[in-house]
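Thank you all for making the time this morning. I would like to walk through one structure with you, beginning with the overall picture and then stopping at a few individual places.

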Amino acid sequence: MFSLTVAAIVFGVIFLAELPDKTALASLMLGTRYRASYVFAGVAAAFLVHVVLAIAAGSVLTLLPHRLVQAVVGVLFLAGAAVLLFRKGDDEEDVVKPADQGFWKVSGAGFMMILVAEFGDLTQIMTANLAARYNDPVSVGIGAVLGLWAVAGLGILGGRTLMKRVPLRLITKIAAALMAVLAGFSLYEAAAG
């Protein structure tokens, strides 16, 4: 059953966590060089693959005892908040320009770049945690995909403007605070349950 509340929470958490990530910058760089729709098609497909893998991992976690899962999820959310607050700035990676600007070349370059860069990334781990926490793979999957797609769209079409108006440090702190709140809820449920 679909829960709009769960999807909205997941969207917000994933959106804020992905904004300061290097893949938003990669989307921005690809979007400035190539047709936006071609770039978005490849990037969106890669994010969809990542969310499916994360939901599958999170669904496996639901087979474990609820208190144990909540404790692990809480600790992982705390770790994610710490990573956001204390990590050093990522260096922008060079983007290799495809030989031509056809749909398959451009979308394929975007797909491969995001597929490799995001594998095991914080937002993929967060999506698995959220899938385990809410035990609602459809709502978590929709929220996570839409959050990742929204960041990719912003990166491709207007990332520079957003970053000029909203400091990256503020976005990172908000994402870390949300993760800390989710960690608190999970750890409370583990202790009370």
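**A walk through the model**

Let me begin at a buried position: Asp21 has a relative accessibility of 3%, and because that lies under the 20% limit, Asp21 counts as buried. Please keep in mind throughout that what you see is a predicted model. Asp21 sits in the loop that runs between α1 and α2, the latter covering residues 22-33. Although Asp21 and Val151 are 130 residues apart along the chain, their C-alpha atoms are separated by 9.7 Å.

Now let me step back to the whole chain. The protein chain is built with eight helices and zero strands, so if you follow the elements from the N terminus on, you read α-α-α-α-α-α-α-α. The chain has 193 residues, and 44% of them count as buried. If we take the contacts with a separation of 6 or more, 93% of them are accounted for by residues that stand 24 or more positions apart. As for the surface, the protein chain exposes about 9900 Å², and carbon and sulfur atoms supply 69% of that area.

Let me turn next to helix α3, which spans residues 36-61 and holds His50. Is His50 buried or exposed? With a relative accessibility of 3%, which is under the 20% limit, His50 counts as buried. Which residues does His50 touch, if we leave aside those up to four places away in sequence? They are Ile114, Leu115, Glu118, Phe119 and Gln124. With Gln124 there is also a polar contact, made between the two side chains, at 3.1 Å.

The aromatic side chains come next, and the structure holds four aromatic pairs. One of these pairs joins Tyr38 and Phe103 in an edge-to-face arrangement, with 5.2 Å from centre to centre and 90 degrees between the planes. This pair links distant parts of the chain, since Tyr38 belongs to helix α3 while Phe103 belongs to helix α5, residues 103-118, and the two are 65 residues apart. Phe103 also pairs with Trp104, again edge-to-face, at 4.9 Å centre to centre and with 80 degrees between the planes. Taken together, ring pairs link Tyr38, Phe103 and Trp104 into a cluster. How exposed are the members of this cluster that lie in the second and third place of that list? Phe103 counts as partly exposed because its relative accessibility is 31%, whereas Trp104, with a relative accessible area of 71%, is exposed.From the aromatic rings I move on to charge. A search of the whole structure finds one salt bridge, and it is formed where the side chains of Arg133 and Glu189 meet, at 3.4 Å from N to O. Here too the pair links distant parts of the chain, with Arg133 in helix α6, residues 122-134, and Glu189 in helix α8, residues 168-192, at a separation of 56 residues. Arg133 counts as buried because its relative accessibility is 13%, while Glu189, at 30%, counts as partly exposed.

A short stop in the loop between α6 and α7 brings us to Asn135. Asn135 is not a glycine, and yet it has a positive phi of about 50 degrees. With a relative accessible area of 54%, Asn135 is exposed.

Finally, let us look at the surface once more. Which residues form a nonpolar patch there? They are Phe2, Leu4, Val138, Ile142 and Leu146, which together have about 470 Å² of accessible area. Helix α7, residues 137-165, gives the most to this patch, with three residues. Leu4, for its part, is found in helix α1, which covers residues 4-18, and because its relative accessibility is 65%, Leu4 counts as exposed.

Note on methods:
Residues are numbered from 1 along each chain as its sequence is written. This is a predicted model: local features need pLDDT of at least 70, side-chain atom pairs count only at pLDDT 80 or more; totals for chains, interfaces and linings use all residues. Side-chain values use heavy atoms; hydrogens and water are left out. Patches are made of residues with over 30% relative accessible area and no salt bridge: like charges are joined within 9 Å, nonpolar side chains (Val, Leu, Ile, Met, Phe, Trp, Tyr) within 5 Å. Accessible areas come from the Shrake-Rupley method with a 1.4 Å probe; for residues, only the protein chains shown count as cover. A salt bridge is a side-chain nitrogen of Lys or Arg within 4 Å of a carboxyl oxygen of Asp or Glu. Helices (H or I, at least four residues) and strands (E, at least two) are DSSP runs, numbered from the N terminus. Buried means under 20% relative accessible area, exposed over 50%, partly exposed in between (1.4 Å probe, protein chains only). A polar contact is a pair of N or O atoms within 3.5 Å; within protein, one must be able to donate a hydrogen and the other to accept it, and residues adjacent in sequence count only if both atoms are side-chain atoms. Contact means heavy atoms within 4.5 Å. Rings of Phe, Tyr and Trp (its six-membered ring) pair if their centres lie within 6.5 Å; planes under 30 degrees apart count as stacked, over 60 as edge-to-face and the rest as tilted.
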